[in-house]
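Please open the model in a viewer and keep the selection tool at hand. The tour below proceeds by selection, from strands to cores, single residues and enclosed spaces.

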Amino acid sequence: MNVWPKSQALLKNNEKWIPGGVVSLNRKSDPNICFTKGRGSRVWDLEGNEYIDYQAGFAASFLGHNDPDINRAVQESFSQDMVLMGAGPTDLEGKFAELFCSSVPSVDSIQITTTGSEATYHAIRIARTVTKKDHIIVMQGGYNGWHNDVACNVISALADVGERVSPGEYPFDSLSAGIPDAHKSLVHIINYNDLDSVRYVLKRYPVACLILEPILQNIGIVKPLPGYLQGLRQLADENGFLLIFDEVKTGFRHAIGGYQSISGVTPDLSTFGKAVANGYPMGVIGGKKKYMDHFVHPERDQRALIAGTYNAFPLTTVAAIATLKKLSSPEHQVYQHINKLGKMLEDGLNTIFSTLDKPYYLARQGSAYCMYFMDHAPVDFHDIVKNHDFAFDKNYRIKLIEKGIFNFPLPIKQGSISFAHTEKDIEITLEKTQDVVNEMSMQYYPA
């Protein structure tokens, strides 16, 4: 039964003018739902249905949809007739940069982009400039953007990448046509939490950098094993490659200093996005000054280009400044609030699923979580593919959506609590989840 006919009709009409009907095909899902309004923890679709939202624009709206403090700052900027001239610096980019660098201890200086993908692109370019090497290492199950170096190997089929190999690497499972084979040969895909495979690649290729999400948050919540990130730091120092933390998702969602401030491991370069401006379009690349200064190196063959007409667009930069101020405000205590809600949701879900005759594991880092239908915390992509019940997960997500609880309807995708969520939201979510589990228990395990 089609319960979202208006959304379906909109998609069909869009397809006349937009290939696929959606301008970012990562948004296309089954069921297809068009959302028209968001406020705080709630969103409304074209049919008028209301949902408690745990998608949050792929975790971007950390403070909640249309946060009043951020929107007020943006609205006030309209009256000031701010302009981006394409000539000279702006005061806003300097204010934001100072605030950002004071927030993230590992970052000496930054450059601003419009998207996270641009930020990771520039980070890899700097690494190749600094090291004079071409090869890079990325993670199976990680997502670092849309460009040729990293558009590969997120949720792969085993038929495409093969069974687990360690030490070793996996074939380039491209997310896109149009990537030259010669370029693919420079990219080496290994599993997360596998230091032996890093060493394997280092023995065979001149590696410029290793880029990874410090927690894999595009296949749920996969945390580093004890010593893993420290081991990467040591291998980078010993072998002369740059360690890049892609904190586009983990960044300000877990701590004002990024997940790196929690792990205690300092990368050479970092990329940020999403929560940095509460969903306004911004990416950031930052790191050690000796590397960042390659953007302005006096010698041409050591200078990395960065350009973008809309970099530090005034409305976005105003939103980012307001976001960082709110995140660090003792008055709002953002992280205390979302961690409390995260623990409340975790405890409730564990209680509910303990009654279901099925393996499960709730993985959580602060406000980000994922329910796996397997009996242990996942350590890498292959662990999930071999042990997680994807069909059950899909059914579970759709039933929650039908009851007004929205998680992205694709198995193993992260759920995100926002600062705008309340204890009442969590209570309602748990009540609806209990209803879904009861229904699924009867469906899968009838008396």
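Select β5 (135-140) and β7 (207-212): the two strands pair in the parallel sense over 3 bridges. Helices (H or I, at least four residues) and strands (E, at least two) are DSSP runs, numbered from the N terminus, and two strands pair if DSSP finds at least two bridges between them. The model is a predicted one, in which local features need pLDDT of at least 70 and side-chain atom pairs count only at pLDDT 80 or more, whereas totals for chains, interfaces and linings use all residues. Residues are numbered from 1 along each chain as its sequence is written, and side-chain values use heavy atoms, with hydrogens and water left out.

Stay on β5 and display H135, whose bridge partner in β7 is V207. Next add strand β6 (residues 187-191), which pairs with β5 in the parallel sense over 5 bridges. On β6, I190 is the bridge partner of M139. Is β5 mostly covered, or mostly open? Of its 6 residues, 6 are buried, where buried means under 20% relative accessible area, exposed over 50%, and partly exposed in between (1.4 Å probe, protein chains only).

**The nonpolar cores**

Select M139 again, this time with L210, L212 and L232: these residues have the most contacts inside the largest nonpolar core, which has 34 residues. Such a core is a set of buried Ala, Val, Leu, Ile, Met, Phe, Trp, Tyr and Cys residues joined through side-chain atoms within 4.5 Å. Elements that each supply at least two residues of this core include β5, β7, α8 (195-202), β8 (242-247) and α15 (381-387). The greatest contribution to this core, 5 residues, is that of α9, which spans 228-239.

Centre the view on L210. Beyond residues up to four places away in sequence, L210 touches I137, M139, V198, L232, F241, L242, L243 and I244; contact means heavy atoms within 4.5 Å. Apart from this core lies another, of 31 residues, with F96, V107, V284 and L324 among them.

**I126 in helix α5**

Move to helix α5 (residues 116-131) and pick I126. I126 counts as buried because its relative accessibility is 0%. Which residues, leaving aside neighbours within four places in sequence, is I126 in contact with? They are L269, I285, Y291, M292, F295 and A304. A distance label between the C-alpha atoms of I126 and Q302 should read 9.1 Å, although the two residues are 176 residues apart along the chain.

**R397 and the largest cavity**

Now select helix α16 (residues 390-402), where R397 is found. R397 has a relative accessible area of 5%, so it is buried. Neighbours within four places in sequence aside, the contacts of R397 are C370, N407, F408, P409, L410, P411, I412 and K413.

Keep α16 in view and turn to the enclosed spaces: the structure holds 4 cavities of 30 Å³ or more. On a 1 Å grid over the protein atoms alone, a cavity is a set of points where a 1.4 Å probe fits but cannot get out, and a pocket is an open set with protein on both sides within 12 Å along at least five of seven lines; lining residues have an atom within 4 Å of a point. Grid points are joined across faces, edges and corners, and a volume is the space filled by probe spheres set on the points.

The largest cavity contains about 150 Å³ of space. Of the 16 residues that line it, select Y369, M371, Y396, L400 and N407, the closest to its centre. Two or more lining residues come from each of α14 (334-353), β12, α16 and α17 (423-444), and α16 gives the most, with 4 residues.

**The second largest pocket**

Finally, select G88, E93, G308, N311 and A312, which among 19 lining residues are the closest to the centre of the second largest pocket. This pocket has a volume of about 440 Å³. Both α4 (91-103) and β4 (109-113) supply at least two residues of its lining, and the largest share, 3 residues, comes from β4.
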